[in-house]
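Subject: Structure for your review

Dear colleague,

Please find below the structure that I am handing over to you. My notes on what was found in it follow directly after.

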Amino acid sequence: MRILLVFIGVMALVGTAHGVMCTQNVAGATSWDAQTDPDNTVLDVDMAAKAGVQTGTRVVLTALGWDVTISTVGASWLSEATVRLSNRTQTGGIIHLRPGISDTNSGTQAYSSGMLDFSDLSLANIVLEDGYLRIEFFEEWDDVADAVDATWTAGDLFFEAVPATSFCSLSVTGIEMSVTITNLTPGVTNRIFRTFDLMGGVWTNLNTFVPVGNSVEFKDTIPAPHSTVIYKTVTDVE
Ligand SMILES: [Ca+2]
Ligand SMILES: [Ca+2]
Ligand SMILES: [Ca+2]
């Protein structure tokens, strides 16, 4: 019997294997004092959801752009308004963006850019293991302690986000097969479904698992008389 195996990767992610453009509005964010000061605005952004995948999915940011308006207070310079981009643990790729970096004026000014690829700038990608991006607004030079130095009055930051996808390898012996599913996110529920007919067949949930590591081996026995079997893994919404 000829067995045809077709493995479909994480269905929900197939369409997002490439970078997804994601937008984060920053209107109203305030930079008060120096970096780490608790007064500063800090955003905790679910980039996985923005990229169209399940919350908690690993996401890598590979490019950045901006279209923002900054308004300073008193004598503070526009160049000092800075945004710190990192994962929640502030490890790995960290970027400090200063849209008005050469602007030693005070007042209100708009700044914009095209998309800048981190690799073109010899910068490391920002790796979000849990899919969350931390954005802290702070002052490169704090003019007045415990007072707002600048407000990001309008605009957006833009990111190219690449969500994790699953890759599968197959080995077939007779009608028994095993699949190693890799690039999984630990702790996130996945389900494996099987059908014998891609066009209108019933999908049967064979297994539900929550991976401890990044990969899981899955075994199945293909029942006779089927010669075609199709599997898919789906990352659960909950
Ligand atoms: Ca201040
Ligand atoms: Ca300042
Ligand atoms: Ca303070």
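In this predicted model, four strands form an open sheet in the order E4-E11-E6-E7, and their pairing is antiparallel. At the edges lie strand E4, residues 42-46, and strand E7, residues 95-97, each of which pairs on one side only. From one strand to the next, the twist averages 20°. Strand E6 spans residues 81-87 and is joined to E7 by three bridges, the two strands running antiparallel. Within that pair, Leu 85 has Ile 95 of E7 as its bridge partner. As general background, the strands of a sheet pair through backbone hydrogen bonds, in either a parallel or an antiparallel manner.

Taken as a whole, the chain contains two helices and 18 strands. It has 238 residues, of which 28% are buried. Among contacts with a separation of 6 or more, 78% are between residues 24 or more positions apart.

The nonpolar cores deserve separate mention. The largest of them comprises 30 residues, and those with the most contacts inside it are Met 47, Ala 51, Val 59, Leu 61, Phe 159 and Ala 161. Two or more residues are contributed to this core by each of helix H2 (47-50), strand E5 (59-72), E6, strand E10 (126-128), strand E11 (132-139) and strand E12 (150-163). Strand E5 provides the largest share, namely seven residues. Strands E6 and E11 therefore appear both in the open sheet and among the elements that supply this core.

Which residues does Leu 61 contact, leaving aside its neighbours within four places in sequence? They are Asn 125, Ile 126, Leu 128, Leu 133, Phe 159, Glu 160 and Ala 161. Of these partners, Phe 159 and Ala 161 are also listed with Leu 61 among the residues that have the most contacts inside the largest core. A second core, separate from this one, has five residues, including Val 179, Ile 181, Leu 184 and Tyr 231.

Finally, a word on confidence. The mean pLDDT of the chain is 84, and 83% of the residues reach 70 or more. Two stretches stay under 50: residues 1-17, for which the model has 43 contacts beyond four places in sequence, and residues 167-173, for which it has 18 such contacts.

With kind regards

Methods:
Residues are numbered from 1 along each chain as its sequence is written. Chains are lettered from A and ligands numbered from 1 in the order in which they are written. This is a predicted model: local features need pLDDT of at least 70, side-chain atom pairs count only at pLDDT 80 or more; totals for chains, interfaces and linings use all residues. pLDDT is the predictor's confidence in each residue, from 0 to 100. Two residues are in contact if their C-beta atoms, placed from the backbone, lie within 7 Å. Two strands pair if DSSP finds at least two bridges between them. Axes are lines fitted to C-alpha atoms, for helices over the stretch in contact, and angles run from 0 to 180 degrees between N-to-C directions. A residue is buried if 20 or more other C-beta atoms lie within 10 Å of its own, exposed if 12 or fewer, and partly exposed in between; C-beta atoms are placed from the backbone. A nonpolar core is a set of buried Ala, Val, Leu, Ile, Met, Phe, Trp, Tyr and Cys residues joined through C-beta atoms within 7 Å.
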